Amino acid sequence: MFPKSLNRINEVLLKIEWNDGLITVVALESLREECPCAVCKGENIMGKLYFPGMKSFVPGMNELVSLTPVGNYGVQALWKDGHSTGIYSWEGLRTIAELHALDEENQKRYSELKT
Ligand SMILES: [Zn+2]
């Protein structure tokens with residue numbers, strides 16, 4: 001499973017077309033919330049999960065600067081607040097996309113609210 005295309009519809013929404021035909025639209029905010037890096041998701045050290053602290057809102061944290069392909073297994077996200085340690089595997093991205101998929105009505109509502 002991998003995306004055929006990743007396109008930003010506007011400042012807040014990302015459209016992903018998958019190779020199996022599924023098209024998902026997710027809020028960039030959700031993508032950031034689900035950032036898979038150790039800083040955001042906690043680090044598993046010897047079976048214990050360590051969190052570096054509570055996540056608080058940072059200006060620009062939900063603004064995507066770029067998505068850079070990593071090998072052929074995923075993309076690395078660079079956010080406007082400088083955060084760039086999150087690498088989304090295709091599998092992880094698919095899980096996030098299905099979990100946070102917005103239908104057309106919600107895409108519209110979300111865009112009006114956030115832009
Ligand atoms: Zn992160």
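## Exercises on a predicted model

The buried residues of helix α3 are L93, I96 and A97, where buried means that 20 or more other C-beta atoms, placed from the backbone, lie within 10 Å of the residue's own, while exposed means 12 or fewer and partly exposed lies in between. Because these three cover an arc of only 100° around the axis, they sit on the same side of α3; the arc is that of the directions from the helix axis to the C-beta atoms. The model is predicted, so that local features need pLDDT of at least 70 and side-chain atom pairs count only at pLDDT 80 or more, whereas totals for chains, interfaces and linings use all residues. Residues are numbered from 1 along each chain as its sequence is written.

**Exercise 1.** Work out what the buried residues of α3 pack against, and which exposed residues lie on the face turned away from them.

*Solution.* Step one is to list the partners: the buried residues of α3 pack against β2, β3, α1 (28-33), β7 and β8, a contact being a pair of residues whose C-beta atoms, placed from the backbone, lie within 7 Å. Helices (H or I, at least four residues) and strands (E, at least two) are DSSP runs, numbered from the N terminus. Step two is to turn to the opposite face of α3, which carries the exposed residues E91, E98 and L99.

**Exercise 2.** Describe the sheet that contains β1, β2 and β3, and place α3 (residues 90-100) relative to these strands.

*Solution.* Begin with the order, which is β1-β2-β3 in an open sheet with antiparallel pairing; two strands pair if DSSP finds at least two bridges between them. The edge strands are β1 (3-8) and β3 (23-27), each pairing on one side only. Neighbouring strands of this sheet are turned by 20° against each other on average, direction ignored. Next, follow one pairing in detail: β2 (residues 13-18) and β3 are joined in the antiparallel sense over five bridges, and L13 has A27 in β3 as its bridge partner. Finally, α3 lies across β1, β2 and β3, running at about 80° to β3, where axes are lines fitted to C-alpha atoms, for helices over the stretch in contact, and angles run from 0 to 180 degrees between N-to-C directions.

**Exercise 3.** Describe the sheet of β6, β7 and β8, and state how many residues of β6 (residues 64-70) are buried.

*Solution.* This open sheet has three strands in the order β6-β7-β8, with antiparallel pairing. Since β6 and β8 (87-89) stand at the edges with a single partner strand each, one side of each is left without a neighbour in the sheet. The twist averages 25° from one strand to the next. Between β6 and β7 (residues 74-79) there are six bridges in the antiparallel sense; S66 stands opposite L78 in β7, and L64 has W79 in β7 as its bridge partner. The hairpin of β6 and β7 has three residues between the strands, and in this hairpin G71 takes a positive phi near 50°. As for burial, β6 is hardly covered, the count of buried residues among its seven being zero.

**Exercise 4.** State how many helices and strands the protein has, and assess its overall compactness.

*Solution.* The protein has four helices and eight strands. Its radius of gyration, taken over C-alpha atoms, is 14 Å, close to the 13 Å that the globule rule gives for 115 residues, so the protein is as compact as a globular protein of that length; the rule is 2.2 Å times the number of residues to the power 0.38. Of the 115 residues, 17% count as buried.

Notes. Contact = placed C-beta atoms within 7 Å.
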